[in-house]
Structures are given as C-alpha cells and as structure tokens.
Amino acid sequence: MRAVSPPGLVFAIVGGALLCVPFMTLAANRIVAGHGVMVWALGYWPALMGMIAALGAGLSPRPTLRLFAGALGLACITAQVSQGADLLLADAGDYARTSPAAGFWGLLAVFSLLIADALTQLHPRPLLRAGLLIVALAALAVVFWSGLLGDLSIAQEYVSRARQFWTALAQHLQLALGSLAVAVVIGFPLGVLCHRRGGLRRAMLPMLSFLQTIPSLAMFGIMIPLLAWVATTVPGAREIGIAGIGFAPAFVALVLYSLLPVVGNTVAGLDAVPPATSDAARGMGLSATQQLWQVELPLGLPVLLTGVRIVMVQNIGLAVIAGLIGGGGFGSFVFQGLNQTATDLILLGALPTVLLALVAAVLMDILVDLARPVSETAR
Amino acid sequence: MIEIDQLTKRFGETTAVDSVSMTVETGTITVIVGTSGSGKSTLMRMINRLEEPTSGQVRINGEATGTMTPHLLRRRIGYAIQGHGLFPHHTVARNIGAVPRLLGWPKAQIAERVDELLTLFSMAPDAFRDRYPGDLSGGQQQRVGVARALASRPDVMLMDEPFGALDPIIRHRAQEDLARIQRQLGSTIILVTHDMEEAIRLGDRVAVMDKGKLVQYARPSEIIANPASTFVREMLGDEDRPLRQLSLMHVSDLIEAGDADGVAIDADASLREALSACLWSGRDALPVAQGGRITLDAIRAQAEQPA
C-alpha cells in the first residue's frame with residue numbers, strides 16, 4: 001500500500017492554492033462587481049484549520065479516512081461561508097450583498113471530488129449508496145432550512161422568489177421527466193422493432209442521430225413555427241395548451257433529443273443477449289413475446305437503463321434552454337439573471353439544475369446496478 | 001418416427017440442404033456428421049422449424065410439421081446446443097423447468113422433475129437447484145443444458161454440437177452419460193457433430209452430409225466397413241479406421257476357452273480397450289473376468305482390412 005494517495009496529493013496541492021484566492025466577495029448591491037476577501041481575513045479560525053486538516057487527511061491511502069476528510073472539508077467551507085457572511089455584512093450598507101467566490105467554489109469541487117474518489121475505491125453496494133445519497137440530501141436540507149446560509153446573496157435572490165422557485169422546480173421536472181417518459185413510451189417499442197427488423201434499424205438510427213446533432217437552440221427555434229402552425233391548423237390543439245412558444249415546443253424538442261439514446265440503448269441492450277441464449281429460447285418454444293419479456297428484456301435491462309440515465313441527465317440540463325422560449329423551469333432564472341447581469345440569480349437557476357442532474361445520475365446508477373443479473377453481481 | 005422427405009433449403013443462390021430424405025426410428029440416436037458448411041445444422045434446424053424449408057416435408061409420427069404453430073411444435077421437441085444457451089438470470093431449477101412451465105405443468109410436478117433430472121445427471125439437487133449458471137463449471141452447465149432439453153419428456157430431442165465446447169476428458173464422460181440416459185429413457189435423439197469419432201461412438205445410425213447432400217446413412221459398422229465415397233473415407237481418417245472398427249466390437253464377441261496371466265478384462269469392454277491392454281502389458285492374451293480368454297491374434301484378425 002502506498003504511503004500517500006496520488007489523487008489526495010493533487011487535491012492537497014490544488015486545495016492549498018485555492019486557500020490563497022478570494023474565498024468570498026462583498027458588493028455594494030446585487031448588480032455591481034464586488035471585491036474579493038481572503039479566507040484568513042474572515043477571521044474564523046476553526047473552519048480554516050478544519051479545511052487544512054481535511055486536505056491533509058485526504059492524503060491518507062485509506063479511503064474511509066478520505067471520505068470523512070471530504071465530509072469535514074464540506075462542513076468547514078459551509079461554516080466558513082456562513083460566519084463570513086455575518087462578518088462582512090455587519091458593517092456594510094443595507095443593499096450590500098455577499099457571495100461565495102472562487103476559493104469557495106474551488107474547494108467545494110476539491111472536497112466533492114475527494115469524496116467521489118474515496119467512494120469509487122470503497123465501491124459500496126447499491127443500497128448503501130442510496131443510504132449515502134439520502135444522508136447527503138438530508139444534510140443539504142438541514143443547511144438550507146436552518147438559515148445558516150441565509151445571508152448570502154443567492155439566498156436573498158431565493159427569498160424574493162420563493163414561490164416562483166418551487167413552481168420552476170415543478171416545471172423543470174415536468175419538462176425533463178415528462179419528456180423522458182414520452183420518449184420511453186415511443187422509443188422502447190421502436191427499439192424492439194429495430195432489433196427485429198434490420199431494415200428499420202438502418203433507416204431509423206441515422207435519422208435519430210441526425211436529430212441529435214441539431215444544436216439545442218436551433219431545435220427550440222424550429223419548434224416555434226412548427227407548433228405555432230399546429231396550434232392554428234389543428235382544431236383543439238390550442239385548447240390543450242399547444243402554442244408556438246412556452247411549454248409545448250420545449251417539451252417536443254426534449255422528446256426528440258431523448259429518442260436516440262432510448263432507441264439506441266434498447267437495440268444495444270437486446271443485441272447484448274448471448275446468441276446461444278436467444279437461439280435456445282427460440283428452440284425451446286418461447287413465443288416472440290415471451291422471448292422479449294422473459295429473456296431479452298431482463299438481460300438487456302442494464303444497458304436499457306443506462307440509456308434512460310443518459311436521457312435523464314441530458315434533459316435536466318437541456319430543460320434550462322426551455323427558459324429562453326418561455327417554457328418555464330430553472331432556465332427562466334438563468335436567462336433573467338443574464339439579462340440583469342445578476343450572477344446570483346443565474347446561480348439560483350444553475351445550482352439546483354446541477355444538483356438535480358447529480359441526484360438523477362446517482363439514482364440511475366443504483367438502478368442499473370440492481371438490474372444486473374444475479375450471477376454477475378455474485379462474483 | 002421422424003420422416004424427412006426431400007427436404008431442401010436455399011439461402012439466395014446457395015443450396016444449404018439439397019433434397020435430403022431419411023427416416024429416424026423412435027428410440028434411437030441418429031448422428032448427422034459433416035464438415036462446417038455441409039448443411040448438417042440447417043437440416044436439423046428444419047425439424048423444429050428454426051429454419052423454414054424451401055421445399056420438402058418433415059413428418060413426426062406421420063404428422064406434417066409444416067401445419068403446426070412453430071413455437072408450439074418446438075415445445076414438443078427438446079433442444080440442446082453448443083455453449084448450452086442457459087438463461088444466465090435464472091437459477092438452475094428455473095432453467096431446467098423452463099419448458100414444463102411453458103406447458104403449464106403444476107409447480108410441484110416441475111420441482112419434482114427438476115430434482116429427478118439433476119439426480120439423473122449426478123448433480124445433487126440440494127446443492128445445485130438454486131445456483132446460477134455462471135457459478136457452474138463448463139461440464140455442469142452442459143449437463144444442465146441437456147437436462148433442460150429433456151425436462152418435458154419430449155418425443156424427440158435435437159442436439160447441435162452439444163459437447164463442442166467441452167474439453168476432451170469431460171466430453172468423453174458427457175457422451176457416456178448421454179448414451180446411458182438415452183438407453184434408460186428410450187428417447188429419440190438427433191445429434192449434429194463434426195466429429196466422426198463422436199458419431200461412431202454414439203450413433204445407432206450415422207448420416208454423413210457433404211455440400212448439402214446426404215452421402216451415406218447407415219449403421220456405424222457399415223460406414224467403417226464400406227464408406228460410400230472418398231469424402232466419407234476422409235472423414236473416417238484412414239489411419240484410425242482399424243481402431244474405430246475395434247471400438248465398436250466387444251470382448252464378449254471373441255471369448256475363447258483357455259487361460260491367460262495377469263489382470264482380467266471385462267466382457268463388456270471394447271476390443272480397442274483389449275488391444276490397448278495387450279500392448280501396454282506386453283501380453284499375447286488376456287483373461288476375461290467372466291471366464292475364458294481373448295487373444296491378440298483374434299483382435300488383430302478383426303482389425304484387418306476387409307478383402
């Protein structure tokens with residue numbers, strides 16, 4: 001066993017450097033650029049000591065210790081930012097805003113990577129991973145509801161838009177997961193058909209690949225005249241909410257983007273069934289439907305779920321663009337923030353999006369692992 | 001009885017099986033042997049309609065298979081293949097019980113049948129029932145594959161190179177197991193192989209295929225004695241022919257009165273084994289356990305080329 005974990009060494013060097021860049025900024029109001037404040041100028045020594053100790057402990061070759069070091073580091077930067085906000089705002093004006101700066105974000109990344117690296121090495125079983133995810137989310141909720149970070153600028157942006165925030169979350173999930181559900185309903189049978197008929201596969205997959213290459217902004221743009229035309233010509237379309245801008249075009253665009261991963265991975269999953277197993281299933285007298293449900297689907301499920309995972313993470317990110325055409329979701333904060341040059345409003349849209357994508361990725365990875373045939377996981 | 005009547009299969013320009021006719025008797029092992037591309041697998045796969053014939057007919061006990069629903073026909077026919085094709089996500093018990101379950105047998109009866117088959121293949125039911133194919137050795141997987149094909153007591157069993165993936169020692173044992181179980185159950189088996197030795201050891205009848213045509217269909221002894229063409233002779237391998245011939249005959253055929261020294265040989269052993277024992281121990285005669293003796297000269301006379 002090595003004396004020092006190589007990634008830990010990289011994290012310690014980078015983390016050390018990040019301690020020497022501004023940890024927070026203080027600005028006179030929400031629009032102007034602020035000036036940076038170093039971490040030692042914030043004068044909260046226990047947290048700074050904790051960060052240094054965490055970076056040091058991250059050098060340990062023992063993954064469990066590195067895991068706790070990462071958690072300690074995250075706790076310390078949170079405490080530091082909370083204390084620092086109090087200190088900075090104490091003798092600043094009423095409109096003053098304080099935000100985490102490069103040092104904080106960098107250390108957040110370093111400690112998160114430390115945890116991720118330790119977890120990769122520990123390789124916990126799927127159910128334990130689910131437990132860890134719940135613990136992490138609970139810790140996040142505690143920080144959120146306790147008001148520890150209530151003085152930060154991003155929290156101020158939240159307070160003035162609390163109701164819109166939760167509506168945006170609901171819309172964002174509807175866009176991302178609703179389009180995924182529709183894509184699965186269309187894409188799964190299409191994938192099964194492509195698996196059985198080579199001709200259809202040769203026609204279908206290049207077409208879906210082509211859809212995937214259309215830049216997202218262009219795709220949303222194309223949807224506007226298309227759905228506007230549908231709204232005016234198809235009777236009843238307008239009544240169910242179809243219009244050139246808003247939710248419908250964003251939703252349709254996301255469904256189109258989702259089709260390739262769903263169809264492609266369905267085909268790949270079904271193709272991955274060993275030829276001898278398929279031949280035996282047919283030779284034993286399973287009907288085509290029985291082959292699909294009893295053999296091909298259970299064996300192809302991990303690959304199929306990997307497709308769903310790709311789509312889920314991709315759509316959570318892409319749904320931000322929907323904000324541009326009035327589709328709602330967190331994208332509306334991002335684009336409002338861009339228009340007002342209010343960085344923290346952008347972050348109010350961007351950070352929850354990143355968090356959603358991360359949670360989705362971890363959850364789907366757990367599902368993919370659970371779907372593997374028993375004989376594979378037993379080894 | 002399975003009647004194959006002028007069966008032909010064309011894939012585009014190539015004719016994989018060219019108007020083959022043969023009759024397989026109930027309760028026998030028929031081995032179809034040929035090189036790769038000879039059409040032997042295609043011929044077999046047309047029996048359970050994994051391939052649809054271009055022309056011709058297959059009748060099982062007088063009933064034409066062409067009019068049956070393919071997957072219902074296949075449930076009546078056992079099917080075992082090279083590389084076993086077990087379902088990796090199902091336990092051994094569930095794999096073996098697959099066809100009975102398709103046929104709607106009651107659960108208790110399936111469980112009983114699974115245990116019976118595991119015992120038949122010398123695998124302790126308690127130890128193997130709940131394991132997954134991935135945890136078994138190659139030989140065990142192959143036995144489970146054959147057990148699965150036998151599970152519903154099918155009228156006919158088709159086996160495509162069932163021992164092809166096994167190493168030579170396990171392979172020999174698997175062949176003996178199959179022969180024993182076939183005698184015990186009286187099943188009708190059609191087995192495809194590229195290995196003439198396997199064909200001669202297992203087959204009651206051997207069908208030799210070459211370029212889609214059936215070139216000889218006869219008992220193994222007849223094939224060795226009178227190969228119908230140079231192709232069959234090449235398949236037999238000229239230098240091994242006398243030994244193959246000896247492996248088909250038994251010590252009991254040549255027992256004569258008298259004594260001999262040394263370890264006795266069983267009357268059921270093949271002449272090939274007796275020859276081997278003579279050469280190894282440097283004796284000219286062996287005592288037979290059931291009485292009498294067998295001489296090297298007598299064995300040699302049997303191996304001579306027929307005039």
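Which residues of chain B does UniProt list for "domain: ABC transporter"? I looked this up before turning to the coordinates, and the unreviewed UniProt entry lists residues 2–236 of chain B. I note at the outset that the model is predicted.

**Entry 1. Chain B, domains**

I examined the span named in the record. Residues 2–236 of chain B are 40% helix and 27% strand, and the C-alpha atoms at the two ends of this span lie 27 Å apart. I then consulted the domain assignment of chain B, which gives domain 1 as 2–238 and domain 2 as 244–303. For the separation of these two domains of chain B, I recorded 34 Å between their C-alpha centres.

**Entry 2. Chain B, a hairpin**

I next followed strands β9 (residues 205–210) and β10 (residues 213–218) of chain B. They pair in the antiparallel sense, with 5 bridges. Within this pairing I located Met209(B), whose bridge partner in β10(B) is Leu214(B). The hairpin has 2 residues between the strands. I checked the backbone there and found that Lys211(B) takes a positive phi near 45 degrees.

**Entry 3. Chain A, overall**

I turned to chain A and listed its secondary structure: 15 helices and 3 strands. Along the principal axes, the C-alpha atoms of chain A fill a box of roughly 75 × 65 × 30 Å. Of the 379 residues in chain A, 37% are buried. I also looked at how far along the sequence the contacts of chain A reach. Among those between residues at least 6 apart in sequence, 74% join residues at least 24 apart.

**Entry 4. Chain A, the sheet**

How are the 3 strands of the open sheet in chain A ordered? I read the order as β2-β1-β3, with antiparallel pairing. Strands β2 (35–37) and β3 (97–100) of chain A are the edge strands, each pairing on one side only. Neighbouring strands of this sheet are turned by 30 degrees against each other on average, direction ignored. I then took one pair in detail. Strand β1 (residues 24–27) of chain A pairs with β3(A) over 4 bridges, in the antiparallel sense. Opposite Thr25(A) I found Ser99(A) in β3(A).

**Entry 5. Chain A, domains**

I recorded the division of chain A into domain 1 (6–153) and domain 2 (162–378). The centres of these two domains of chain A, taken over C-alpha atoms, are separated by 33 Å. I counted the residues at the contact: 8 from domain 1 of chain A and 8 from domain 2 of chain A. Which helix gives the most to the side of domain 1 of chain A that touches domain 2 of chain A? I identified helix α5 (residues 126–146) of chain A, with 4 residues. By class, that side of domain 1 of chain A has 4 nonpolar, 2 polar and 2 charged residues.

**Entry 6. Between the chains**

Lastly, I inspected where the chains meet: 18 residues of chain A are in contact with 21 residues of chain B. On the side of chain A that touches chain B, α11 (275–284), α12 (288–318) and α15 (374–378) of chain A each supply at least two residues. I assigned the largest share of that side, 7 residues, to α11(A). Sorting the residues of the side of chain A that touches chain B by class, I obtained 10 nonpolar, 5 polar and 3 charged.

Definitions and conventions: Residues numbered from 1 in each chain as written. Chains lettered and ligands numbered in written order. Predicted model: local features only at pLDDT ≥ 70, side-chain atom pairs only at ≥ 80, totals over all residues. Domains from an automatic or database assignment. UniProt positions renumbered as here; feature names shortened; annotations may be inferred. Contact = placed C-beta atoms within 7 Å. Nonpolar A, V, L, I, M, F, W, Y, C, P; charged D, E, K, R; others polar. Pairing = 2+ DSSP bridges. Axes fitted to C-alpha atoms, helices over the stretch in contact; angles between N-to-C directions. Buried ≥ 20, exposed ≤ 12 C-beta atoms within 10 Å, placed from the backbone.
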